[in-house]
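What follows is a short walk through one protein chain, from its overall makeup to its core and its charged side chains. Please keep the sequence and the 3D view at hand while reading.

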Amino acid sequence: MIEHGEGPTIRQIGARVGLSSTSSVAYQLGQLEERGLISRTGREWSSCRLDSPKPPRRGLRSR
């Protein structure tokens with residue numbers, strides 16, 4: 001709980017965004033983590049925090 005310095009649980013996040021499936025919430029959080037928008041300090045999603053978005057990587061394009 002926020003009052004105790006802990007992040008929300010998967011169920012709390014799902015209730016807030018209108019998803020009842022915890023696996024759907026975990027999938028969406030995983031997508032945000034892959035994109036560098038959130039990170040976790042442990043294995044639990046309640047340890048995640050928002051990160052500053054990283055600029056897109058630019059590679060060399062072939063002609």
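**Chain, core and salt bridge**

Of the 63 residues in the protein chain, 19% are buried. The model is a predicted one. The accessible surface of the chain comes to about 5800 Å², and carbon and sulfur atoms hold 51% of that area.

Two helices and two strands are present in the chain. Read from the N terminus, the elements follow the order α-α-β-β. Among contacts with a separation of 6 or more, 7% join residues that lie 24 or more positions apart.

The next topic is the interior. In soluble globular proteins, nonpolar side chains tend to be buried together. Here the largest nonpolar core consists of six residues, namely Ile-10, Ile-13, Val-25, Leu-29, Ile-38 and Trp-45. Two or more of these core residues come from each of α1 (10-17) and α2 (22-34). Val-25 gives a detailed view of the packing: leaving aside residues up to four places away in sequence, Val-25 touches Ile-10, Ile-13, Gly-14 and Leu-19.

Charged side chains come last. The structure has one salt bridge, in which the side chains of Arg-40 and Glu-33 meet at 3.3 Å, N to O. Are these two residues buried or exposed? Arg-40 counts as partly exposed because its relative accessibility is 29%, a value that falls between the limits of 20% for buried and 50% for exposed. Glu-33 is likewise partly exposed, with a relative accessible area of 29%.

Technical notes:
Residues numbered from 1 in each chain as written. Predicted model: local features only at pLDDT ≥ 70, side-chain atom pairs only at ≥ 80, totals over all residues. Heavy atoms only, no water. Core = buried A, V, L, I, M, F, W, Y, C linked by side-chain atoms within 4.5 Å. Buried < 20%, exposed > 50% of the residue type's maximum accessible area, 1.4 Å probe, protein only. Helix = DSSP H or I, 4+ residues; strand = E, 2+ residues; numbered from the N terminus. Contact = heavy atoms within 4.5 Å. Salt bridge = Lys/Arg side-chain N within 4 Å of Asp/Glu carboxyl O. Areas by Shrake-Rupley, 256 points an atom, 1.4 Å probe, with all protein chains shown as cover.
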